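Open the model in your viewer and keep the selection panel at hand. Each stop below says what to select and what is there.

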Amino acid sequence: MPGLSGRMSTVVKAKISKLLDRAEDPAETLEYSYQKQIEQLQNVKKGIADVVTSKKRLQLQSERLQQNVVKLDTQARQALAAGQEDLARTALERKNIAQTELQGLDGQINELQKQQEQLTQSEQNLRTKIEQFRSKKEIIKAQYSAAEAQVRISEAATGVGEEMADVGLAMQRALDKTENMKARADAVQELEAAGTFEDFTQLGSGEDDIDRQLKALSTTSEVDSELAKMKAELGGGTPSAGELGAGSGSESPAGAEPSGDSEPSGDSAAAEGQAP
């Protein structure tokens, strides 16, 4: 499907472009561009050197031809003076050929000279641009470094950076755990004080706080009842109604029979017989 393949190609290119944009460092990119311009400048200089070399070679060849033209002209004159017209004609013919070559060389030399001048001007313009680019490059690098440092400082101060965000989340998790532990400790302490937990590690009956309070209350009631009875026996009289009521209202000790079913003691019977 052409439409689907084109869409997939666009998505892949967009992803790659995004990854490259993340990996691209402006400072490195500027340095690379500067190096490429330096290479171009070196290539221009090399081209100028090649043109000048070719021009020098043609100039040397032109000088040899000029010398040859002068030599042939002299030989033609000498041959003509000697009456050798044919030899003089031959020398002049060679002279004309050399002059034709010399004119061609002069044209090539002039063309190379123009190329040299153009390349020299291009080299100067390129050098000026490279110098301007170098200055601008340093300014951009300094501005980028300052902006990057400002962003890092701002992110650190506001906590919006990735690293600071991780630190903030870690601190929040630590606070949450601390609050949970404090709440759990308070809950355990409250339940322990209420007697909800039973201590299975304790040796003995394992009574809780409520059991101990009830046992203490029962023991106090029994002691009060027994004390009232002893007072009655020692005093030779019967316990008062309040004391009897207090004694009867209390719970009997564990394993003791109720007082109503027990027989009165001898002293109590004798006291009752003597009473009017």
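## A pair in helix H3

Select Arg-127 first: its relative accessible area is 36%, so Arg-127 is partly exposed. Keep in mind that this is a predicted model. Now add Glu-123. Its relative accessibility is 9%, under the 20% limit, so Glu-123 counts as buried. The two form a salt bridge, with the closest N and O atoms of Arg-127 and Glu-123 2.3 Å apart. Both residues belong to helix H3, which covers residues 85-158. Arg-127 and Glu-123 are 4 residues apart, about one turn of the helix. The spacing fits a general rule: an α-helix has 3.6 residues a turn, so residues three or four places apart point the same way.

## Further along H3

Stay in H3 and select Arg-134 with Glu-131. Here the closest N and O atoms of the salt bridge are 3.4 Å apart. Arg-134 and Glu-131 sit 3 residues apart, again about one turn of the helix. Is Arg-134 buried or partly exposed? At 34% relative accessibility, Arg-134 counts as partly exposed. Glu-131 is partly exposed too, at 39%.

Next, select Glu-31, Lys-137, Glu-138 and Lys-141 together. Salt bridges with shared partners join these four, Glu-31, Lys-137, Glu-138 and Lys-141, into one network.

## Over to helix H2

Move to helix H2, residues 26-81, and pick Lys-36 and Glu-39. They are 3 residues apart in H2, about one turn of the helix. Lys-36 forms a salt bridge with Glu-39, and their closest N and O atoms are 3.4 Å apart. Lys-36 has a relative accessible area of 37%, so Lys-36 is partly exposed. Glu-39, at 41%, also counts as partly exposed. How many salt bridges are there in the count? The count comes to 9.

Now show H2 from end to end. H2 has 56 residues, and at 1.5 Å a residue they should span 82 Å. The end C-alpha atoms of H2 are 82 Å apart, so the expected span and the model agree. Step just past H2 to Gly-83. Gly-83 takes a positive phi of about 85°.

## The largest nonpolar core

Select Val-51, Leu-58, Leu-65, Val-69, Ala-98, Leu-102, Leu-105, Ile-109 and Leu-112. These 9 residues make up the largest nonpolar core. Which elements give two or more residues to this core? They are H2 and H3. The largest share, 5 residues, comes from H3.

Centre on Leu-105. Leaving out residues up to four places away in sequence, Leu-105 touches Leu-58, Gln-61, Ser-62 and Leu-65. Two of those contacts, Leu-58 and Leu-65, are listed in the core along with Leu-105.

## Two buried lysines

Go to Lys-55, in helix H2. Lys-55 is buried yet has no salt bridge. Where is the nearest side chain of opposite charge? It belongs to Glu-117, 7.5 Å away from Lys-55. A salt bridge here requires a nitrogen within 4 Å of a carboxyl oxygen, so a separation of 7.5 Å does not qualify. Show what surrounds Lys-55. Neighbours within four places in sequence aside, Lys-55 is in contact with Ile-109, Leu-112, Gln-113 and Gln-116. Ile-109 and Leu-112 are also members of the largest nonpolar core.

Then select Lys-95, in helix H3. The relative accessible area of Lys-95 is 15%, so Lys-95 is buried. With neighbours within four places in sequence set aside, Lys-95 is in contact with Val-69, Leu-72 and Asp-73. One of these, Val-69, is a member of the largest nonpolar core.

## Zoom out

Finish with the whole protein chain. The chain holds 7 helices and 0 strands. Along the sequence, the pattern reads α-α-α-α-α-α-α. Of the 276 residues, 12% count as buried. The protein chain exposes about 21800 Å², and carbon and sulfur atoms supply 54% of that area. Last, look at contacts between residues at least 6 apart in sequence: 73% of them join residues at least 24 apart.

Methods: Residues are numbered from 1 along each chain as its sequence is written. This is a predicted model: local features need pLDDT of at least 70, side-chain atom pairs count only at pLDDT 80 or more; totals for chains, interfaces and linings use all residues. Side-chain values use heavy atoms; hydrogens and water are left out. Buried means under 20% relative accessible area, exposed over 50%, partly exposed in between (1.4 Å probe, protein chains only). A nonpolar core is a set of buried Ala, Val, Leu, Ile, Met, Phe, Trp, Tyr and Cys residues joined through side-chain atoms within 4.5 Å. Contact means heavy atoms within 4.5 Å. Lys and Arg count as positive and Asp and Glu as negative; His and the chain ends are not counted. The expected span of a helix is 1.5 Å times one less than its number of residues. Accessible areas come from the Shrake-Rupley method with a 1.4 Å probe; for residues, only the protein chains shown count as cover.
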